Amino acid sequence: MAQKLLAADEPAAVTTYNEHGSSPFLLVADHAGNIMPRALGRLGIDAAECERHIAWDIGIVGLARVLADALDAALIQQNYSRLAIDCNRPPEVAASIPEISELTPIPGNAGLSEASRAARVREIFTPYHERIAAELDRRQQACRATVLVALHSFTPVFKGVARPWHAGIMYNRDPRFARQLLALLQQEPGLIVGDKEPYLVSDTSDYTIPVHGERRRLPHVLIEIRQDLIADETGQHAWARILARLLPPAFAAFAADEPPGHADRRE
């Protein structure tokens, strides 16, 4: 019998918010929650560490829900801490279940058995990505336009180095939609917006965009917002208003640039 991780009374791995939203935008939040499975305790780290950026994307679930309401968009969010398993990493890479995050050792992730790793994949990672896939399948069958928007937040200081960007736009093989949004964000007064900063998207460092965006040839973008800007409701609402204002014209510009029959074009 397979090793069990989550008890029947523990929260589900994935939550869908505004499931029947009419917007073409599908919002996903890979690191929305910092819940720890009861069987894992706190993985050997202090409670304060579970509130830091190493455990989740601070502020992103609040922003994502306000944005979902503003756009009438569906939101799919992952509820467990990225320290239990990172749902934006391929399960086979070391960073999927990190033994150290930034500078913090994670004792509960050291020397795991294959059964323990498999349980985290099976009960947290897989349900989340199956839910995204099911929603994308449903939209495809309905011939419904879809833009995949992955929402993340980043720490203002990483390993002692301050980050100047207020937000960053990430993409890899297909920059078409991302560059439209980037251009609009860069026109916003007072904002420093990173182009593939502070991170890169790749097949080994990411999962959601390569699998659900690139493989399906959907317009997509990964948006990073600095955590100190969305740590409270005021900031979350402010950034949701910016994104709700800019995402629709970015999609309109993307669609205008796509000749009929060339939806799968790559640069």
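These exercises work through a predicted model, each with a stepwise solution.

Residues are numbered from 1 along each chain as its sequence is written. Local features need pLDDT of at least 70, side-chain atom pairs count only at pLDDT 80 or more, totals for chains, interfaces and linings use all residues, and side-chain values use heavy atoms, with hydrogens and water left out.

**Exercise 1. Find where pLDDT stays under 50.**

Step 1. Take the chain average. pLDDT is the predictor's confidence in each residue, from 0 to 100. The chain averages 95, and 96% of the residues score at least 70.

Step 2. Locate the weak stretch. Residues 261–267 stay under 50. The model has 16 contacts for them beyond four places in sequence; contact means heavy atoms within 4.5 Å.

Step 3. Apply the caution. Where pLDDT is low, predicted coordinates should not be read in detail.

**Exercise 2. Work out the strand order of the open sheet and name its edges.**

Step 1. Fix the terms. Helices (H or I, at least four residues) and strands (E, at least two) are DSSP runs, numbered from the N terminus. Two strands pair if DSSP finds at least two bridges between them.

Step 2. Read the order. The seven strands run S1-S3-S2-S6-S11-S9-S10, with mixed pairing.

Step 3. Mark the edges. Strands S1 (14–17) and S10 (193–195) each have a single partner strand, so one side of each lacks a neighbour in the sheet. From one strand to the next, the twist averages 20°. Axes here are lines fitted to C-alpha atoms, for helices over the stretch in contact, and angles run from 0 to 180 degrees between N-to-C directions.

Step 4. Follow the pairing.
- S2 (residues 25–29) and S6 (residues 147–154) are parallel, over four bridges. Phe25 has Val147 in S6 as its bridge partner.
- S6 and S11 also run parallel, joined by seven bridges. Leu151 stands opposite Ile223 in S11.
- S9 and S11 pair in the antiparallel sense, over four bridges. Gly168 has Glu224 in S11 as its bridge partner.

**Exercise 3. Determine how well S11 is covered, and which strands helix H3 lies across.**

Step 1. Set the scale. Buried means under 20% relative accessible area, exposed over 50%, partly exposed in between (1.4 Å probe, protein chains only).

Step 2. Check S11. Seven of its seven residues are buried.

Step 3. Split S11 by face. His220, Leu222, Glu224 and Arg226 lie on one side, with Val221, Ile223 and Ile225 on the other. Both faces are covered.

Step 4. Place H3. Helix H3 (residues 176–186) lies across S2, S6, S9 (167–170), S10 and S11. H3 runs at about 35° to S11.

**Exercise 4. Examine helix H2 for a kink and for charged pairs.**

Step 1. Find the kink. In H2 (residues 114–141), a kink of about 40° lies at Thr126, shortly before Pro127. The bend at a residue is the angle between axes fitted to the seven residues ending there and the seven starting there.

Step 2. Test the pair. A salt bridge is a side-chain nitrogen of Lys or Arg within 4 Å of a carboxyl oxygen of Asp or Glu. Arg131 and Glu135 qualify, with the closest N and O atoms 3.8 Å apart.

Step 3. Explain the spacing. Arg131 and Glu135 are four residues apart in H2, so about one helical turn separates them. An α-helix has 3.6 residues a turn, so residues three or four places apart point the same way.

Step 4. Check burial. Arg131 is buried at 18% relative accessible area, and Glu135 is buried at 3%.

Step 5. Extend the network. Salt bridges link Glu19, Arg131, Glu135, Arg138 and Arg139.

**Exercise 5. Contrast two further salt bridges, Arg82–Asp86 and Asp203–Arg173: which residues are buried and which are partly exposed?**

Step 1. Take Arg82 and Asp86. Their closest N and O atoms are 3.1 Å apart. Arg82 and Asp86 are buried.

Step 2. Take Asp203 and Arg173. Their closest N and O atoms are 2.4 Å apart. This pair links distant parts of the chain, 30 residues apart. Asp203 is partly exposed at 39%, as is Arg173 at 43%.

Step 3. Record the total. The count comes to 18 salt bridges.

**Exercise 6. Find the cis peptide bond and describe two loop residues with positive phi.**

Step 1. The bond from Glu197 to Pro198 is cis, with omega near 5°. Pro198 sits in the loop between S10 and H4.

Step 2. Glu102 has phi near 55°. This residue lies between S4 (100–101) and S5 (104–105) and is buried at 15%.

Step 3. Lys159 has phi near 50°. This residue lies between S7 (157–158) and S8 (161–162) and is partly exposed at 47%.
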